[in-house]
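Student: I would like to go through this structure and ask how each label is earned. Please set the values against the definitions.

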Amino acid sequence: MEAANERVHTLDPRVRWRWAMRAIGPVLAVAAVGAAAAWVAPAPVPPALVTVGLLLVGGGLAWAVVWLRYRRWRYRLDSDGLTLTHGVLTHVRTIVPYTRIQHVDTRRGPLDRVFGIGAVVVYTAGTRGADVTIPGLSTRDAEVMQERLRDASERTAGEDAV
């Protein structure tokens, strides 16, 4: 691929809101359980205060994880393949040679469409479930990425993948 594509790319910032929406469910569930426990068991703290405290602490932790996850996500297209790096506690680096790419999809769920983002899913030759996903791309970037990966895969067809 041309040198301009060899720079490291980040995800669209709107993915943070998408991830935050997914994280809110568990936070609300913990707050509800805490509130129920405070109502049932006699506690020196009012149940409303327990609920607000759990929402604040849980929401803060959830937002911190979302922020760190966003900061760690990077991807790069170079002459050999696609490289992904991500992870908060466990750092993952994945290299997908173009010669191993079978096909490339774009995916946009309901929340993705609300935020104007999508994902690119790259299916590779190998074992069952051998695919990698780049989440949180703008709709346009996802389409361009799909085309670039398809073109690179076609250019390298017939080359040795190892």
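Student: What makes the link between the side chain of Thr156 and the backbone oxygen of Ala152 a polar contact?

Tutor: The side chain of Thr156 reaches that oxygen of Ala152 at 3.0 Å. A polar contact is a pair of N or O atoms within 3.5 Å, one able to donate a hydrogen and the other to accept it, and residues adjacent in sequence count only if both atoms are side-chain atoms. The model is predicted: local features need pLDDT of at least 70, side-chain atom pairs pLDDT 80 or more, while totals for chains, interfaces and linings use all residues. Residues are numbered from 1 along each chain as its sequence is written, and side-chain values use heavy atoms, without hydrogens and water.

Student: Why is Thr156 called buried?

Tutor: Its relative accessible area is 11%, and buried means under 20% (exposed is over 50%, partly exposed in between; 1.4 Å probe, protein chains only). Therefore Thr156 counts as buried.

Student: Which residues does Thr156 touch, not counting those up to four places away in sequence?

Tutor: Tyr98 and Thr99, where contact means heavy atoms within 4.5 Å.

Student: How do you know that the span of helix H2 is close to the expected one?

Tutor: H2 (residues 47–72) has 26 residues and reaches 37 Å from first to last C-alpha, against 38 Å expected. The expected span is 1.5 Å times one less than the number of residues. A helix here is a DSSP run of H or I, at least four residues, and a strand is a run of E, at least two, numbered from the N terminus.

Student: What do the buried residues of H2 pack against?

Tutor: Helix H1 (15–40) and strand E1 (74–77); Gly58 and Tyr70 are among those buried residues.
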